Amino acid sequence: MATAAMLLLLFLTAVAVGCSAWEMNIRDWTAVARPWWRPIIHALRPILGSGRQLAARAGVACDSWRLGVEAHNVIAWKTVPAKCEDYVGHYMLGGHYRRDSVVVVDEAIAYAESLKLAGNSKEIWVFDIDETSLSNLPYYAKHGFGATLYNETSFREYVAEGSASALPETRRLYRRLLELGVKPVFLTGRTEDQRTITITNLQQQGFSRWEKLLLKPSVHATGELQGSAIEYKSGERQKLQDAGFIIVGNIGDQWSDILGAPEGTRIFKLPDPMYYIG
């Protein structure tokens, strides 16, 4: 009985420590990431054990799946694997997502600072918006971090609120480019009927003085927009190049944001395991 009591005490202590660590991680995230989260956007279940155990729960190697997504080996997927919802949630709300974003942006800034600009106001840097410049994490936290099918109607309602917060790392890159004399251009899958709220949201989150804001035609009411995201965005970049602009950089969270000629002198991929756009 004494041995059993001791084992029970050790177990309860481990649970308490594990939960405290989890709660501390959430508090740390809110402190680091302010102001781009809302006060309780998702109640993640505390999970004890190592990251390796969490990543492989129920036989789904979620960490390997995420690597495949970021490397563009896992493509054309519709939802996050159901067993990976918590894994993706912990990745997005914990420090890992932010650390990965810092690495990408640090490289982008180092590259930008190495450029020898012509000084003719023709050098531009192309930015995607959603999950690149603005974060929709509060929305996706309520929709299983991508584990449920995308609903265009509910997402458009969220965009119409104009409440998306800036990704701090991207905003840091944006401001440094302005200091260097590189002009930002936004190229987004959002549609023209969302222009006003998008401008307001961007400005409220510290983005200003961009060269252009390029959006898709407002045809959402008649069905899917024709062509792939790669075709659309590469076509818009070609128009920029034809107009005499030099695309020195291109950053997005989807491979479809940055692939397709002309891609720009250098491309940068931000992490996003919540959805796939081809």
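Tyr139, Tyr140, Tyr150, Phe155, Tyr158 and Tyr275 form one aromatic cluster in this predicted model. Rings of Phe, Tyr and Trp (its six-membered ring) pair here if their centres lie within 6.5 Å; planes under 30 degrees apart count as stacked, over 60 as edge-to-face and the rest as tilted. Across the whole structure, a search finds 19 aromatic pairs. Two of these pairs are set out below.

| Pair | Centre to centre | Angle between planes | Geometry |
|---|---|---|---|
| Tyr139 and Tyr158 | 5.5 Å | 40° | tilted |
| Phe186 and Trp210 | 5.5 Å | 75° | edge-to-face |

Tyr139 lies in helix H6 (residues 137-141) and Tyr158 in helix H7 (residues 152-161), so their pair ties together parts that are 19 residues apart in sequence. Helices (H or I, at least four residues) and strands (E, at least two) are DSSP runs, numbered from the N terminus. Both tyrosines, Tyr139 and Tyr158, are buried, where buried means under 20% relative accessible area, exposed over 50%, and partly exposed in between (1.4 Å probe, protein chains only).

The other pair also links distant parts of the chain: Phe186 sits in strand S4, while Trp210 is in the loop between helix H9 (195-204) and strand S5 (212-216), 24 residues apart. Phe186 counts as buried because its relative accessibility is 0%. Trp210 is buried as well, with a relative accessible area of 19%.

A word on the ground rules: in this predicted model, local features need pLDDT of at least 70 and side-chain atom pairs count only at pLDDT 80 or more, whereas totals for chains, interfaces and linings use all residues. Residues are numbered from 1 along each chain as its sequence is written, and side-chain values use heavy atoms, with hydrogens and water left out.

Phe186 leads us on to the nonpolar cores, each a set of buried Ala, Val, Leu, Ile, Met, Phe, Trp, Tyr and Cys residues joined through side-chain atoms within 4.5 Å. The largest one has 50 residues, and those with the most contacts inside it are Val88, Trp125, Phe127, Leu173, Phe186, Phe207 and Met274. Helix H5 (residues 95-114) gives the most to this core, with seven residues. Domain 1 (22-93) and domain 2 (96-269) both give residues to it, so this core lies between them; the domain bounds come from an automatic or database domain assignment. A second, separate core of nine residues includes Val126, Leu187, Leu214 and Ile247.

Leaving aside neighbours within four places in sequence, Phe186 has contacts (heavy atoms within 4.5 Å) that include Phe127, Ile129, Tyr174, Leu202, Phe207 and Leu214.

Strand S4 (residues 183-191) also holds Thr191, which is buried with a relative accessible area of 4%. A polar contact is a pair of N or O atoms within 3.5 Å; within protein, one must be able to donate a hydrogen and the other to accept it, and residues adjacent in sequence count only if both atoms are side-chain atoms. The Thr191 side chain makes such a contact with the side chain of Arg156 at 3.2 Å, and another of 2.6 Å with that of Asp193.

Finally, the covalent link. There is one disulfide, defined as a pair of cysteine sulfur atoms within 2.5 Å. Cys62 is joined to Cys84, with 2.1 Å from S to S, and the link is left-handed, with -90° about the S-S bond. Cys62 belongs to helix H3 (residues 62-70) and Cys84 to the loop between H3 and helix H4 (85-93), 22 residues apart. Both Cys62 and Cys84 are buried.
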